[in-house]
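User: I am new to this structure and would like a close look at one part of it, taken slowly. Please start with a single side chain and what surrounds it, and then set that part against the rest of the chain.

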Amino acid sequence: ISAVGGMTLVLSLFFLPDWGTGSMLAGVFRQVNSRIEPPKTYAAFREAVGQTEVLYYREGSTATVGVVQGQTPAGPQNILIINGKADASSKGDLATQVTLAQLPLLLHPQPERVLIVGLGSGITLGSTLRHPIERVDCIEISPEVVEASAYFDDVSGAPLRDPRTALYVEDALAFLKLTDHQYDVIISEPSNPWIAGIGNLFTTEFFEACKVRMRPDGLMVQWFHLYEMDDELFRMVLRTYKQSFPCMTVWQSLGNDVVLLGSAHPVEPNDERITAALNDPNIRDDLARIGITDIADLLSLHMLSDSAVTAYAGVGEFNTEDHPRLEYEAPRAFFTNVGVASVFRADERLVVSAPGSLLRSRWREGKVSDDDQRRIGILHTLPSRGNLLFGYSVLRSYVERHPGDTEVLGRIAETADMLKQADDEIEYLRRLVAANPKDPVSLERLTWARYLHARARSNAMTGIRLADFEQPLRTCIALAKDTVDRYRARLADVLFDVGDFARASDQYARALQIRSQHQPDPALAPDMLLLQLARCLHHLGKTDRALGYALQATQANPENEEAKDFIYDIWSGGMNRQQ
């Protein structure tokens, strides 16, 4: 090749457009199990991923690693993505990342040396260093993950700068076989086992290697997930883990994340030690950000005792290096995505007579106050946080003794809705409105819940009493001084359902007007309001105006297929009449 040709090739490669880091981190394979409608064209896909704010991107020898910024109800968060799979985040996964460190360190009598398998965001390492330990050895196979962890320093506390941290960039099994260090606590938080190579960190050989490196009173905690998994594989993981750690419990850090706690001897929480730790501002503040402020809160995460684990796991196969069943079956469980369900039926927090429940034992000793119950109930009814049914039953018990607690009444009503308990939802909303009759938010929730309940039981012969719902919604409008689009939209929906299209169109139009003058409700899609207004006008014979609003709906949301179908139906109907 000539010098000129070579230079031309180099320059052309230099100025080629990049692959698009957002595309490389998109993790399209995980959308197989989601209900999100995929982009209809490659151009639409590129446009969607092009909006992703990529903070870090590297292609390494072991993984493609990135950090992107995403949105949550609590604001923006940074997300660590490895090979297209979100493995850590600054908000959504915070409870699990903190619990993995705090749980064993609070239960161990005197932890001095800790081993962490998997750096990830560094949040677990940071939580570990909040305790007065001597040293933490952290193993991370990917140097790119080490670089990416810097984007979580504001949440993790920059743990790699702490002189007590020793970072090893190498394979975890190799490290365990070669080191002679002994540990009080070992924390393992690899990625999901349906990713190639990760299954080795859930084998008998790995757990035995950890056991060899533990001091006699040592504790090991292992992260595992209940999503994109199934009961049989989860049972196998528990059996394999318990083979090495005969005293084993399961704790729930998030709705679909659990922490396996294993040891050679039974572990009993020490009130005095945990209380002393919670009085340390570093530890207290770390736990407070995940809703743990007291011993009772911590024990409310306890899901299965040792005997319950044995009963649930049953007898069966183990996951070993010679027979890597998890390596081959986990991808199938990922695609079938039935989830781990039966473990919730074994959850001892919902078993009245469970002798192994740490929280029940504490309650029987008179150590769980009403304030404890209130906090526990609220914690477990947070979205995706704990056992929803457990939190619901705790709050129901609490509110019978504190009927004027409007925050709890509202939380119970929301939870009843999530649990599809319509009668309970209405009952607690009635109590909420009675306690605060001037609150339009509660009144609208009650009215709409009653309306949905009535509509589900109505038919062409019975109909619906419009006055039962119109008047309360007009009261909401008056209480809010007609500044809330939601109340007008609700009234419009009721009027539309009963066939009063003239008044319904007025209400939809007013809702759209309010949105232009006041803060719009983000749950109300403007294109659907426009489409509903178009439907009203079409029923009233005002076809031209109906088409105009339907076109506005497609402009507001080009993906609104209902609006497109509506326009086509009117157009084709008009053409047929002309013919």
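Analyst:
**A close look at one side chain**

A polar contact of 2.7 Å joins the side chain of Asp-527 to the side chain of Asn-560. The model is a predicted one, and every value given here is computed from it. Asp-527 itself belongs to helix α26, which covers residues 526–539. Leaving aside residues up to four places away in sequence, Asp-527 touches Ala-553, Ala-556, Asn-557 and Asn-560, so that Asn-560 appears both among the residues touched and as the partner in the polar contact.

What is the nearest side chain of opposite charge to Asp-527, and how far away is it? That side chain is Arg-515, at 8.0 Å, and Asp-527, although buried, has no salt bridge. The cut-off helps here: a salt bridge requires a side-chain nitrogen of Lys or Arg within 4 Å of a carboxyl oxygen of Asp or Glu, which means that a pair has to meet this limit to be counted. Side chains of opposite charge can pair when their charged atoms come close.

Another acidic residue, Asp-482, offers a useful counterpart. Asp-482 has a relative accessible area of 15% and therefore counts as buried, yet Asp-482 does form a salt bridge, with Arg-510, where the closest N and O atoms are 3.0 Å apart. This pair links distant parts of the chain, since Asp-482 sits in the loop between α23 (467–479) and α24 (485–497) while Arg-510 is in helix α25 (residues 501–517), with the two positions 28 residues apart in numbering.

Elsewhere, salt bridges that share partners join Asp-271, Arg-362, Glu-365 and Lys-367 into one network. A further pair is made by the side chains of Glu-147 and Arg-58, which meet in a salt bridge at 3.8 Å, N to O. Here too distant parts of the chain are linked, Glu-147 being in helix α6 (residues 143–148) and Arg-58 in strand β1 (residues 53–59), 89 residues apart. Glu-147 is classed as partly exposed because its relative accessibility is 41%, and Arg-58, at 42%, is partly exposed as well. Arg-164 and Asp-162 also meet through their side chains in a salt bridge, at 3.1 Å, N to O, and Arg-164 is partly exposed with a relative accessible area of 22%. The count of salt bridges comes to 42.

A buried residue without a charge can be followed in the manner used for Asp-527. Thr-203 lies in the loop between β8 (183–188) and α9 (204–212), and Thr-203 counts as buried because its relative accessibility is 1%. The side chain of Thr-203 reaches the backbone nitrogen of Phe-206 at 3.1 Å. Apart from residues up to four places away in sequence, Thr-203 touches Thr-240, Asn-319, Thr-320 and Glu-321.

Some loops place their residues quite differently with respect to the surface. Asn-279, in the loop between α11 (271–278) and α12 (281–288), is exposed because its relative accessibility is 53%. Lys-420, in the loop between α20 (406–418) and α21 (422–435), is exposed with a relative accessible area of 71%. Lys-420 also has a positive phi, near 60 degrees, though it is a residue other than glycine. Asn-337, which is likewise not a glycine, has a positive phi of about 55 degrees; its place is in the loop between α15 (325–336) and α16 (342–346), and Asn-337 is partly exposed at 29% relative accessibility. Most residues other than glycine have a negative phi.

To set these places in the whole, the protein chain holds 28 helices and 12 strands, and its C-alpha trace spans about 85 × 85 × 45 Å along the principal axes. Of its 579 residues, buried ones make up 50%. Among contacts in the protein chain with a separation of 6 or more, 67% involve residues 24 or more positions apart. The protein chain exposes about 27,500 Å², with carbon and sulfur atoms supplying 54% of this area. Finally, the mean positions of its 58 positive and 76 negative charges are 6 Å apart.

Technical notes: Residues numbered from 1 in each chain as written. Predicted model: local features only at pLDDT ≥ 70, side-chain atom pairs only at ≥ 80, totals over all residues. Heavy atoms only, no water. Helix = DSSP H or I, 4+ residues; strand = E, 2+ residues; numbered from the N terminus. Buried < 20%, exposed > 50% of the residue type's maximum accessible area, 1.4 Å probe, protein only. Polar contact = N/O pair within 3.5 Å; in protein donor to acceptor, adjacent residues only side chain to side chain. Contact = heavy atoms within 4.5 Å. Areas by Shrake-Rupley, 256 points an atom, 1.4 Å probe, with all protein chains shown as cover. Lys, Arg positive; Asp, Glu negative; His and termini not counted. Charge placed at Lys NZ, Arg CZ, Asp CG, Glu CD.
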